[in-house]
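Biologist: I've got a protein model open and I'd like to learn how to read it. Can we go through a few features together?

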Amino acid sequence: MISIPHRTPFFLPVLYPDLTWRIQNDRKELYLTFDDGPVPGPTEFVLETLASRNIKATFFCIGDNIRKHPEVFQKIVSQGHAIGNHTFNHLNGWKTTPPLYLENIKKCDRIIKESRSQTSNLKPQTQLFRPPYGRITKKQIQSLSNYKIIMWDVLSVDYNKNLPQERCLKNTIRATRPGSIIVFHDSFKAEKNLTHALPAFIDHFLEQGFTFHSL
């Protein structure tokens, strides 16, 4: 079995410099991001955890999950978190033609805009996109020039059910540095590790004087 590194290998940002892997600064600032929601349960746990610590984050949402769980999506929006596009059907870019990939992203955009419009007094935000699995081709990147494509510096690997909870936490803490963009997953698959690691991860870095921000 291939071991997935918690810290993004150094050569990937070199190969794909137009993608955002980390916010380059030396300040004690971190950027929590959550993929694959919204779903009842895990997403609501994340929101409660963030609210109790007065933290804003960025949620990369699957369009079909917004369609299925509009009330959970509204909670993300109403609490002032940033929203990113994660395709409508969690497509693997390496297995999808650029036209089909772009149309799926636009479909997700439409439901995000329709759903966000139900909440008044929202400020417009930069179009954020994260490719599912981190898999995207250079042609697809070129077709998404009007998006800011967000990758990550730290992957919690919380979705791996064979990864012990405490190891998930410690590995994620160890990989994190100032400016890190960190990925957790607000999904049923990741729920066991998420519920253990996320609060402890946040509290560890708050105690170290770090602040958390949305993208």
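Modeller: Sure! Let's begin with contact, which here means heavy atoms within 4.5 Å. And keep in mind that this is a predicted model.

Biologist: Okay, so which elements do the buried residues of H2 pack against?

Modeller: They pack against strand S1 (29-35), strand S2 (58-61), helix H4 (70-78) and helix H8 (191-207).

Biologist: And how do I read the sides of a helix?

Modeller: An α-helix has 3.6 residues a turn, so residues three or four places apart point the same way. In H2 (residues 42-52), the buried ones are Pro42, Thr43, Val46, Leu47, Thr49 and Leu50. Looking down the axis of H2, these buried residues fall within an arc of 165°, so they line one face of the helix. The face turned away from that buried side carries Glu48, Ala51 and Ser52, which are exposed.

Biologist: What about a strand? Which residues of S7 point which way?

Modeller: In a regular strand the side chains alternate between the two faces of the sheet. From S7, Ile181, Val183 and His185 point one way, while Ile182 and Phe184 point the other way, and all are buried.

Biologist: Which strands pair with S7?

Modeller: S1 pairs with S7 in the parallel sense over five bridges, with leucine 32 opposite isoleucine 182. S6 (residues 154-155) also runs parallel to S7, joined by two bridges; there, leucine 155 has valine 183 as its bridge partner.

Biologist: Last one: how do I find empty space?

Modeller: Rolling a probe the size of a water molecule over the atoms shows where empty space is left. Here the largest pocket holds about 810 Å³. It is lined by 32 residues, and the closest to its centre are Tyr133, Gly134, Arg135, Trp152 and Leu155.

Definitions and conventions: Residues are numbered from 1 along each chain as its sequence is written. This is a predicted model: local features need pLDDT of at least 70, side-chain atom pairs count only at pLDDT 80 or more; totals for chains, interfaces and linings use all residues. Side-chain values use heavy atoms; hydrogens and water are left out. Buried means under 20% relative accessible area, exposed over 50%, partly exposed in between (1.4 Å probe, protein chains only). Helices (H or I, at least four residues) and strands (E, at least two) are DSSP runs, numbered from the N terminus. The arc is that of the directions from the helix axis to the C-beta atoms. On a 1 Å grid over the protein atoms alone, a cavity is a set of points where a 1.4 Å probe fits but cannot get out, and a pocket is an open set with protein on both sides within 12 Å along at least five of seven lines; lining residues have an atom within 4 Å of a point. Grid points are joined across faces, edges and corners, and a volume is the space filled by probe spheres set on the points. Two strands pair if DSSP finds at least two bridges between them.
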